[in-house]
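Work through the exercises below with the sequence and the coordinates at hand. Each task is followed by a solution in steps.

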Amino acid sequence: MKKAIFFVFLLLVFYFLVSSLNAQSRVSYVKFRLVYHLGNNKTNDFYKIAGVNGSVDDLNIKIVGYPSNLSHFYVCTYDEEEFEKGMLASFIYSGKSQDLNSIAFSASPEEDYKIEVKQKAEGTNLILVFTNGACEEVDKKIYTVEKYGLPAQAFSVYPEAGRISIAMILRNDKILIKGNESLNIGTNRVCIEYSGVTEENKPIIEVRKC
Amino acid sequence: MLKGVSPLIAYVMVILIVFSGISLVLLFGMPLIERARESSIVNEGLENLKLLSKNIEEVATEGIGSLRSIPLKVTGGEYKINEKTNSIEFYYSPKTYSVEPGFLKEDNIILISGSNAIAKEYDLDNDGENEIVLENEFLKVGILKKGSKENYDFINTSKLIKIINFKAKGIDLIPSDSSIFIDDREDSSYGYGYSETLNLGKSSTKAEALVHLNTSYADYDILYTLYAGADFLLIKVLKIAYK
């Protein structure tokens, strides 16, 4: 009887160990897809991905880029024929290269443009650009995006400096923040407590006034 | 010949000089003092968020139950702990302190300056149904409006971004598919949930829409953010919980 109980106990320990290891080693991915067209036809539409750029026209195009063969992590399409000064649409991955799986672009005479960006689920970073101009506008800002995760200003058009408000957003994709309070003017005492873990093994940190 | 100024005139002159001096100080000095005060509030905001970030990271490296209690001095602005967007936010609208519109990221802190982002709800694409409309100087982004926290509705992520309008030219981008998949699973791209605006009708530095989705593979949130002065939309998937 004792042996049987001990055996069941061992099985349970083994099960929890395996479950815990699975949870820790689970690498999950998120794929973003965008299917669209620019203007009414593809004549003189252009695309840019993985250092390849060319005219779309009525060609069948399918390109998949991986971090190892991509100089910059974006797909861009633009149309300068139907729109004065051009219009561009682009998907930019703005995270770390090790967290990117792939970027794909496809087009065919019958179908719209399709962009897919697949990246690790922890801390997804995606920018969808729709603005004036050609893909050079993205090229000009891509260094800032790669360094800081954001362009310093809009890609193509610039806002006039009027009345300005300032916001600062603190977000850590490796941590889940819990709490919904506001802080008052004066001295606040803030408690930061490790209250649990998510299914993805992210720490849940509760932030509250105390 | 004038031998001296009468005491009364001298008294009036002294008062005039003193008042002129005070007026000059108020005219030119006060804006400078106010600008310095506002600048210090902005710096305090950044330092407070850095302090929170450092302590949160430290606590996260320790075990469950570990706790820090820190004093945080707040002389201005608005601080919000926002679990919906998994962030701690600081907002401030200075009157004299000027800064160029733009964006900056420093470690885990994003700084945004601008004030023309707003979230509304109306029928942007004229299909007879209201969308969540995130709008700034350049773009209007129509996000599918469905369900509520109390009443979940069927949502297919392929139809979440309904329209993006480039305001200056009146040009629309209408995606036929804006799907999101977890682990390449088709069944993770649709399910039941709701979409909501996070700051309805309030002109701010950012406009946001949150979509919560329960699929047969996983539950998760999608956060769409349009900053003031941005010709781009940020898309994030948050809080994935596997079934």
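## Exercise 1: Confidence

Task: State what mean pLDDT chain A has, and which of its elements have the lowest and highest mean values.

Solution. The model is predicted. Chain A has a mean pLDDT of 87, with 86% of its residues at 70 or more. Next, go through the elements of chain A: helix α1 (residues 2-25) has the lowest mean pLDDT, 58, and β1(A) the highest, 97. Where pLDDT is low, the predicted coordinates should not be read in detail.

## Exercise 2: The form of chain B

Task: Decide whether chain B is spread out or a compact globule.

Solution. Begin with the secondary structure: chain B holds one helix and 16 strands. For its 243 residues the globule rule gives 18 Å, but the radius of gyration is 26 Å, well over that value, so chain B is more spread out than a compact globule. Then take the extents: the C-alpha trace spans about 105 × 55 × 30 Å along its principal axes. As for burial, 42% of the 243 residues of chain B are buried. Finally, consider contacts in chain B between residues at least 6 apart in sequence: 53% of these join residues at least 24 apart.

## Exercise 3: Domains of chain A

Task: Give the domain bounds in chain A and the distance between the C-alpha centres of the two domains.

Solution. The domain assignment places domain 1 at 25-148 and domain 2 at 176-209 of chain A. The C-alpha centres of these two domains lie 37 Å apart.

## Exercise 4: The contact between the chains

Task: Find how many residues of each chain are in contact with the other, and which element of chain A gives the most to this side.

Solution. The contact involves 70 residues of chain A and 92 residues of chain B. On the chain A side, the elements that give two or more residues include β1 (29-36), β6 (87-93), β9 (126-132) and β11 (176-178). β13(A) gives the most, with ten residues. By class, the side of chain A that touches chain B has 43 nonpolar, 16 polar and eleven charged residues.

## Exercise 5: The partners of β13(A)

Task: Which strands pair with β13(A), and in what sense?

Solution. Take the partner in chain B: β13 (residues 186-197) of chain A pairs with β1 (residues 67-74) of chain B in the antiparallel sense, over eight bridges. Within this pairing, A:G186 has B:V74 as its bridge partner. Now take the partner in chain A: β14 (residues 203-209) pairs with β13(A), also antiparallel, over seven bridges. Here A:I192 is bridged to A:V207. β13(A) and β14(A) form a hairpin with five residues between them, and A:N201 in the turn has a positive phi of about 70 degrees.

## Exercise 6: A sheet built from both chains

Task: Write the strand order of the open sheet of six strands and identify its edge strands.

Solution. The order is β12(A)-β2(B)-β3(B)-β10(A)-β5(B)-β4(B), with antiparallel pairing. The edges are β12 (182-183) of chain A and β4 (102-106) of chain B, each of which pairs on one side only.

Two pairings can be checked in detail:

- β12(A) joins β2 (residues 78-82) of chain B over two bridges in the antiparallel sense; the bridge partner of A:L183 is B:Y79.
- β10 (residues 165-170) of chain A runs antiparallel to β3 (residues 87-92) of chain B, with five bridges between them; A:A167 has B:Y91 as its bridge partner.

Terms used. Residues are numbered from 1 along each chain as its sequence is written. Chains are lettered from A and ligands numbered from 1 in the order in which they are written. This is a predicted model: local features need pLDDT of at least 70, side-chain atom pairs count only at pLDDT 80 or more; totals for chains, interfaces and linings use all residues. Helices (H or I, at least four residues) and strands (E, at least two) are DSSP runs, numbered from the N terminus. The radius of gyration is taken over C-alpha atoms; the globule rule is 2.2 Å times the number of residues to the power 0.38. A residue is buried if 20 or more other C-beta atoms lie within 10 Å of its own, exposed if 12 or fewer, and partly exposed in between; C-beta atoms are placed from the backbone. Two residues are in contact if their C-beta atoms, placed from the backbone, lie within 7 Å. Two strands pair if DSSP finds at least two bridges between them. Domain bounds come from an automatic or database domain assignment. Ala, Val, Leu, Ile, Met, Phe, Trp, Tyr, Cys and Pro count as nonpolar, Asp, Glu, Lys and Arg as charged, and the others, Gly among them, as polar. pLDDT is the predictor's confidence in each residue, from 0 to 100.
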